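Colleague: I'm still learning to read how helices sit against each other. Could you take me through one packing site slowly?

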Amino acid sequence: MLSGAGPCASRFGEPITLNQRISTMTETQCVYCHPQQETVLWQDDRCRVLLVEGSNFTGWCRVVWNQHHAELSELSEDDGNHIMAVTREVERVIREQMHPVKMNLASLGTALPHLHWHLIPRYTDDSHFPEPIWVPPLQDAVRHPLPENFSETMTARLKRRFPRAPEGEHRLFVIMGVSGSGKSALSQQLSQRYGIACLDGDYLHSRENIAKMASGAALDDADRAPWLKALSDAAWAMQRTNPCSLVVCSALKKRYRDILRAGNPGLRFLFLDGRYEVIEQRLKARKGHYFRPEMLDSQFAALERPGASETDVIAIDIEQSLEDVVTHCATHLFD
Ligand SMILES: [Zn+2]
């Protein structure tokens, strides 16, 4: 999801900003647009992670925004969250690999209009400790060697954390499961983290269906059929233009799943699977939620667990942390 001006592009019709002045000055020599030599550990279409070499501070990494945006608050909410999520993961890997006494994070960048974060592992015996590394050294440095496979580990971790769909193949998933299995929380996490298009099936209910449910009556299959057909059509429309799309729908019965499948070859289901007791416990812990735990009985009674013949269903064990569920699902979204 690219945003803003292209590399080294000038932006007309807007007030002149510091970034633009820097941009104009550096269009021909911007080393982030035209790198002479850099060690890229990982990249996507928004940012990249570099290993800073030739310094006393081994393990120093830099997360560089690819476009000309110098300030974090210039980025869209989604882009800003993305560079910070990448930065956080880089920090995590450096800490795990190098065990510094402290990480230094700095976004300086007064010379070039690319927002970038330095991540520097610090040790009590480094040349500057406890001062920042930008001042003259205080003492002779003890060099901490870069662990073997540091670069490979960083690359693998970032690839896993920020997977990308194969080009040209549009993917479509239904997140299914009983009420309380965590469909909404999961879809929100996947959508925010990976920029995936997401539709909550509840939004496509007709006024009549909503009125019926509000009166306390349950929907029957005749009520559900046009809703599921509308959802199937919406899913089809989503996958036309999005590399990866999610639809949230409990899809408890096979005949409901079959309506969603019709006309959507390649559609797959992520079935959030968990024991009654576990979901009941989670529902009881939810505050301010209208769902009554007694309704869980009817949800489990209605659930037709996907059989072996439904090979497009991927069961996801929800009896693990949301973070682990998200990571597990992401491997299926992008494998
Ligand atoms: Zn540039």
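Which handedness does the crossing have where helix 2 passes helix 3?

Modeller: Happy to! This is a predicted model, in which local features need pLDDT of at least 70, side-chain atom pairs count only at pLDDT 80 or more, and totals for chains, interfaces and linings use all residues. Residues are numbered from 1 along each chain as its sequence is written.

The crossing of helix 2 past helix 3 is right-handed (the near helix is turned clockwise from the far one by less than a right angle; anticlockwise would be left-handed). To find the pair, look for residues 77-98, which form helix 2, and residues 150-161, which form helix 3 (helices are DSSP runs of H or I, at least four residues, numbered from the N terminus). They pack at about 145°, and their axes are 10 Å apart (lines fitted to C-alpha atoms over the stretch in contact, with angles from 0 to 180 degrees between N-to-C directions).

Now zoom in on the contact (C-beta atoms, placed from the backbone, within 7 Å). Helix 2 brings Glu 89, Val 90, Val 93 and Gln 97. Across from them, helix 3 offers Phe 150, Thr 153, Met 154, Arg 157, Leu 158 and Arg 161. Sorted by class, this contact holds five nonpolar, two polar and three charged residues (Ala, Val, Leu, Ile, Met, Phe, Trp, Tyr, Cys and Pro are nonpolar; Asp, Glu, Lys and Arg charged; the others, Gly among them, polar).

For a second example, helix 6 (residues 221-241) packs with helix 7 (residues 254-261) at about 40°, their axes 8 Å apart. Here, too, helix 6 passes helix 7 in a right-handed crossing.

Conventions. Helices (H or I, at least four residues) and strands (E, at least two) are DSSP runs, numbered from the N terminus. Two residues are in contact if their C-beta atoms, placed from the backbone, lie within 7 Å.
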